[in-house]
Amino acid sequence: MSNEHHDHHGPQRGFKRWLLTTNHKDIGSMYLLFSLTMFLLGGAMALMIRTELFHPGRHLVDPAFFNQMTTMHGLIMVFGAVMPAFTGLANWMIPLQIGAPDMALPRMNNWSFWILPVAFSILASTLFMPGGAPNFGWTFYAPLSTTYGPPSTDYFILAIHLMGFSSIMGAINIIATIMNLRAPGLTYMKLPIFCWTWLITAFLLIAVMPVLAGAVTMMLTDRHFGTSFFNAAGGGDPVLFQHVFWFFGHPEVYIMILPAFGVASQILPTFCRKPLFGYSSMVYATCSIAFLSFIVWAHHMFTTGMPVAAELFFMYATMLIAVPTGVKVFNWVTTMFQGSMTFETPMLFVIGFIVLFTIGGFSGLMLSIAPADFQYHDTYFVVGHFHYVLFPGAIFSMFAATYYWLPKWSGYMYNEVLGKAHFWLSLIGLNLTFFPMHFLGLAGMPRRIPDYALQFADFNQVATVGALLLGFSQLLFVYNLFRTYAGAYGKAAAQPWEEAEGLEWTIPSPAPYHTFETPPRIS
């Protein structure tokens, strides 16, 4: 397909070409660039949070502003960095992996991207409004967000609606593309794993984004139209908000991690030089995780006072998710077993992902135990847990995908030394930042506070030093990226990972049944 759109006056040039493009590669690139911008913005907010927590008893920022930072950091990272990054990856790679000329609905693809900069401009603009940005945490629990939210809450609600539109359109597009535009003979059980994980993620998005839209719409009517969905004084229930929010929120965390599983399953075989172990079990495990993600939401709410029977149900259902997730981890480890492994940057990030994500999984298993959760709930243990899942999970796999496919996207090779430096500094920074949080939480330090008791100072200082290292090492990545696109490190080979003995970009999984000594029959 042509990259240029022809009208009566010849091809589009400059900004207009990007504004009007329907090319899946252009749109994928814009998603990825937008996501990187949001990642750096959300990261800057995280550094403000950590700097404030370096020293107890003295305030670098106003405590109210601290709460705005925690809220905005969460919202920007989840909706602005992680989700658009994987959507950009899907746009770039899915048509190439299934042999499609483009996405199925190219005009809608353009629209679903351009909604995002508008939505996040609205969200960011709340920082400059009277009363400041939303200050009620990224989970925006009622009544803090309804009765007591600042005036800017209404703009926040609009921004959430717009993100939801974008996500739903992107998901419809991915489903339509994978179901309708596969090359002849490419059956579902021959799809690259990345396509499978995104197909399932897209169904999750379509199922849960309207639930989030419902939650913020009820917030809006509670704020301005006299309803009492979440107001106990009018017969409503604040805990209803938590049920609605987490019925969206728990599948959402799998929306952020399933594409990462797909990325790891694509990259690992290349650098192990053998096909992915247990292809079909990977597919079934992904489906199981998606199904189970809908029936575990109240594990976020063990302390709200539910019947013991409900506690038991949600506890066991949550523990059950560890089974398909464990299947995936063992499949990755078995893929590596006796493989001829080399450790280029994408491989390093994938191995870091597997090890650290598993640690996050184990602390999640601890949190799933209802009586223990009473102790962990709302402490820094939870913060440590979900950052171990999201940073090595979503962010590391995104770095892995970027380094892996960058030669394909740009035609140039990146600098391997800088890439490895980026990995090791990120790895050290990440563990220094988030591992001490588990100890802080077990010792009783609550989340979302701008100040704390003196006994928590040491671990907080370690975490802040780690965060500064983690944050500034991302500048290496940005530098490497821009130098690569400038062609500073030379053109990429036709097979950039040519040591992989002719393995293609997407490993055919399961391994093809023919040897090509006789031409394959196309049925």
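This text describes two helix pairs in a predicted model.

The first pair consists of helix α6, which spans residues 193-224, and helix α8, which spans residues 279-292. Their axes lie 10 Å apart, and the two helices pack at an angle of about 15°. Angles under 35 degrees count as roughly parallel, and α6 and α8 are therefore roughly parallel to each other. The crossing of these two helices is right-handed. On the α6 side, the residues that take part in the contact are I193, W196, T197, I200 and L204. They meet Y279, M282, V283, T286, C287 and A290 of α8. Sorted by class, the residues in the contact of α6 with α8 comprise nine nonpolar and two polar residues, with no charged residue.

The second pair is formed by helix α12, residues 380-410, and helix α14, residues 457-485. The axes of α12 and α14 come within 11 Å and cross at roughly 15°. That angle makes α12 roughly parallel to α14. Here α12 passes α14 in a left-handed crossing. From α12, the contact involves F391, F399, T402, Y403, L406, W409 and S410. Facing them in α14 are L470, Q474, F477, N480, L481, T484 and Y485. This contact of α12 with α14 has nine nonpolar and five polar residues, and no charged ones.

Set side by side, the pairs may be summarised by handedness: α6 and α8 cross in a right-handed manner, whereas α12 and α14 cross in a left-handed manner. Charged residues are absent from the contact of α6 with α8, and they are absent from the contact of α12 with α14.

Methods. Residues numbered from 1 in each chain as written. Predicted model: local features only at pLDDT ≥ 70, side-chain atom pairs only at ≥ 80, totals over all residues. Heavy atoms only, no water. Axes fitted to C-alpha atoms, helices over the stretch in contact; angles between N-to-C directions. Helix = DSSP H or I, 4+ residues; strand = E, 2+ residues; numbered from the N terminus. Parallel < 35°, antiparallel > 145°, perpendicular 65-115°, else oblique. Left-handed = near helix turned anticlockwise from the far one by under 90°. Contact = heavy atoms within 4.5 Å. Nonpolar A, V, L, I, M, F, W, Y, C, P; charged D, E, K, R; others polar.
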